[in-house]
Structure formats: structure tokens, C-alpha cells
Amino acid sequence: MRGLFFMAVLTGAGFAVDVRLGLMAMVWFGFWLINAGLSESRSPWARRIVPLIFGVTLLLLWEMAARLFGISRVILPAPSDIWAQIGQSLPILWADFLQTFIKGALSGYLIGCGAAVAVAVLIDRSPFLQRGLLPVGNFVAALPIVGIAPIMVMWFGFDWHSKAAVVVIMVFFPVLVNMVAGLKATDAMQRDLMATYSASYWQSLFKLRLPAAMPFLFNGLKIATTLALIGAIVAEFFGSPIVGMGFRITAEIGRLGLPMIWAEIAVAALAGSAFYGAVALIEKRVTFWHPSQRH
């Protein structure tokens, strides 16, 4: 009798799990059918909705898994818990956003990318710098951020200046390499045509080579958007004032504040996506003539 009782309990538990998994599979299949239909539509608005619906589907399945299977908030909080945490912590999240993204990531991004463009023009004019600086740049770009960040903190202090310095190092060389390649993108016939017009180096640079380098430059700028935010957050792990995304994450780990950690991750993801989207939008306006923008 006891064996039959335990078998019935296990069978019932297995049936309950099957029902929950089946319900989640039905939700996934339903949204998949909607997305499949929209992706085949010729309307540009329909195709723009596809990634939004896909993201909502993932969040809904995440919520269902957390609620139906009773997953602990310490292991994986539900999206509704994370949203509630965001609503309760808006002043803290805003202060962390200003410290990490605006002061650390954005300032370092602008300084690093601007310096990379200027150095790329110098390298273009100097074969010596091209042979000597680029190999050193590849070496520095391969250095781990966990080794650079503590040094920058010791050099520039615990405030946002050291985080901006880390970001400068992280974004400088990807943009530099892309810009140098872009300045070489013109072919010999185009350069010969500028020479027949008696164009100086700077006239050729601004009229021909810089416009041709824009697709390469924006490729590096888009890569640098994600590197900048990651660099600023990781740099805060090694010392910062009592504000910032990296500081908040390390502080909440110590007391198992997973909803707050996920709230910081959500803010960072939204900020990084918006930053990338802004650069991509500028690219579309500047390089409208390039084949990659004709769609």
C-alpha cells in the first residue's frame, strides 16, 4: 500500500510538471506563430515589432517559470519582482546611472573615440607611427580589464575619473584600427583624380577619405558603445564612491539582494541598447549613401 501511495504521489507530481511545461510550450508556440507571420510581412512597422514581441515572449516565459515552479528570488527573481524593485529604487538607480553611464562611460567614450580619430589621421600621415604604434595598440587592447582597472584607480582616484580612464583605454584601439582601415578605403583611381585637381592632403582628407572612412568609423563606434559601459561597471568593482552600478552590484551581492542586482542589470541593458541605437541612427543619417543603408 505504501509503495502504491508513493507511486501515485510521484505520478501526480510528474503530471503537474508536464502541465506547466505544456502551458509554457503553448505560449511559446503561439507567440512564435505571430512572429513568423509578421516577419514575412512587407510592412516595415511589422518587422520592427518582431523583436519587441520576441522580448516580451521571453519575459513572459521567465515570469511563468518563476511563478509556476516556485523558483526562489535568491536564485532567479521574476521580472515582476525586478520591476517592483525598479519602482522602489528610482532615486538610487538614477544616481547610479549618472555616476556610471554619464560621468564614467560617456565621458571616457567621447575622449577615447575623439583621440582615436586624431591619432588615426597622424598614423595615416606617418608610416613610422603606422609600423610602431599599431602593434603596441594590439598589445594594449589584449590586456585584461581586471588588470587595468586597479591601476587606473590608484592613478586617478576612486571617483569617476578612473572609470573614464579605463573606458578610454578600452574604446581607443577598436576605433583606431577601424579608422585607419577606413582611411585606406579609397581606391587608386579616386586618389589620382584628387591629385589631378591639385588637391592638398587636407583637401583630399576632408573631401574624399574621411567620407569614405565613415562606415568603418561607425563600425568601431558601435563596438565601443558596449565596451564603454562594460568597462565603467567593471572598473567600479575595484573601488568607487558609494554610488554607481558596479558598486551597487557588489554591495547587493554581499546581502543576496538579487532583485536590486537585476534592476541594475536592466538599467545597464536599456542604457547600452539606447546608446547603441543612437549611434546607429547617427550612422544612418551620415552614411545614407552606403550600400549597407539601402534597405
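**Exercise 1. The aromatic cluster**

Task: Find which residues form one aromatic cluster in this predicted model, then describe the pair of Tyr 109 and Phe 275.

Solution:
- Step 1. Pick out the members. Trp 94, Phe 97, Phe 101, Tyr 109 and Phe 275 form one aromatic cluster.
- Step 2. Count the pairs. The structure holds eight aromatic pairs.
- Step 3. Look at Tyr 109 and Phe 275. Their rings are 4.8 Å apart, centre to centre, and the planes meet at 70°. Planes over 60 degrees apart count as edge-to-face, so this pair is edge-to-face.
- Step 4. Place the two residues. Tyr 109 sits in helix 4 and Phe 275 in helix 11, so the pair ties together parts 166 residues apart in sequence.
- Step 5. Check burial. The cut-off for buried is under 20% relative accessible area. Tyr 109 has 6% relative accessibility, so Tyr 109 counts as buried. Phe 275 has 12%, so Phe 275 counts as buried too.

**Exercise 2. A pair of tryptophans**

Task: Work out how the rings of Trp 62 and Trp 262 are arranged, and decide whether each residue is buried or partly exposed.

Solution:
- Step 1. Read the geometry. The centres lie 5.2 Å apart, with 65° between the planes, and the pair is edge-to-face.
- Step 2. Find the helices. Trp 62 belongs to helix 2 and Trp 262 to helix 11. The pair links distant parts of the chain, 200 residues apart.
- Step 3. Test accessibility. Partly exposed runs between the limits of 20% and 50%. Trp 62 is at 22%, so Trp 62 is partly exposed. Trp 262 is at 26%, so Trp 262 is partly exposed as well.

**Exercise 3. The largest pocket**

Task: Which residues line the largest pocket, and how many of them are nonpolar, polar or charged?

Solution:
- Step 1. Note the space. The largest pocket holds about 430 Å³.
- Step 2. List the lining. From the earlier part of the chain come Leu 59, Trp 62, Pro 79, Ser 80, Ile 82, Trp 83 and Ile 86. The rest of the lining is Trp 262, Ile 265, Ala 266, Ala 269 and Leu 270.
- Step 3. Connect to Exercise 2. Trp 62 and Trp 262 are both in this lining, and they form an edge-to-face pair.
- Step 4. Assign helices. Helix 2 (44-68), helix 3 and helix 11 each supply at least two lining residues.
- Step 5. Sort by class. The lining has 11 nonpolar residues, one polar residue and no charged residues.

**Exercise 4. The nonpolar cores**

Task: Which residues have the most contacts inside the largest nonpolar core, and which helix gives the largest share of this core?

Solution:
- Step 1. Start with the core. The largest nonpolar core contains 45 residues. Tyr 109, Leu 176 and Leu 221 have the most contacts inside it.
- Step 2. Trace the helices. Helix 3 (79-88), helix 4 (90-125), helix 7 (160-183), helix 9 (201-235), helix 10 (245-254) and helix 11 (258-286) each give this core at least two residues. The largest share comes from helix 9, with 12 residues.
- Step 3. Zoom in on Leu 176. Beyond residues up to four places away in sequence, Leu 176 touches Ala 116, Val 119, Ala 120, Ile 123 and Leu 134.
- Step 4. Look elsewhere. Another core, of nine residues, lies apart from the largest core. Its members include Ala 149, Ala 165, Val 166 and Met 170.
- Step 5. Recall the general trend. In soluble globular proteins, nonpolar side chains tend to be buried together.

**Exercise 5. Three single residues**

Task: Say whether Arg 248, Tyr 201 and Thr 226 are buried or partly exposed.

Solution:
- Step 1. Take Arg 248, in helix 10. Its relative accessible area is 15%, so Arg 248 is buried. Leaving aside neighbours within four places in sequence, Arg 248 contacts Ile 92, Asp 96, Ile 242, Val 243, Met 260 and Glu 264.
- Step 2. Take Tyr 201, in helix 9. At 22% relative accessibility, Tyr 201 is partly exposed. Apart from residues up to four places away in sequence, Tyr 201 touches Val 121, Asp 124, Arg 125 and Arg 209. The C-alpha atoms of Tyr 201 and Arg 125 are 9.1 Å apart.
- Step 3. Take Thr 226, in helix 9. Thr 226 has a relative accessible area of 41%, so Thr 226 is partly exposed.

**Exercise 6. The whole chain**

Task: How many helices and strands does the protein chain have?

Solution:
- Step 1. Count elements. There are 11 helices and zero strands.
- Step 2. Check burial. Of the 295 residues, 38% count as buried.
- Step 3. Check contact range. Among contacts between residues at least 6 apart in sequence, 71% join residues at least 24 apart.

Notes: Residues are numbered from 1 along each chain as its sequence is written. This is a predicted model: local features need pLDDT of at least 70, side-chain atom pairs count only at pLDDT 80 or more; totals for chains, interfaces and linings use all residues. Side-chain values use heavy atoms; hydrogens and water are left out. A nonpolar core is a set of buried Ala, Val, Leu, Ile, Met, Phe, Trp, Tyr and Cys residues joined through side-chain atoms within 4.5 Å. Buried means under 20% relative accessible area, exposed over 50%, partly exposed in between (1.4 Å probe, protein chains only). Helices (H or I, at least four residues) and strands (E, at least two) are DSSP runs, numbered from the N terminus. Contact means heavy atoms within 4.5 Å. On a 1 Å grid over the protein atoms alone, a cavity is a set of points where a 1.4 Å probe fits but cannot get out, and a pocket is an open set with protein on both sides within 12 Å along at least five of seven lines; lining residues have an atom within 4 Å of a point. Grid points are joined across faces, edges and corners, and a volume is the space filled by probe spheres set on the points. Ala, Val, Leu, Ile, Met, Phe, Trp, Tyr, Cys and Pro count as nonpolar, Asp, Glu, Lys and Arg as charged, and the others, Gly among them, as polar. Rings of Phe, Tyr and Trp (its six-membered ring) pair if their centres lie within 6.5 Å; planes under 30 degrees apart count as stacked, over 60 as edge-to-face and the rest as tilted.
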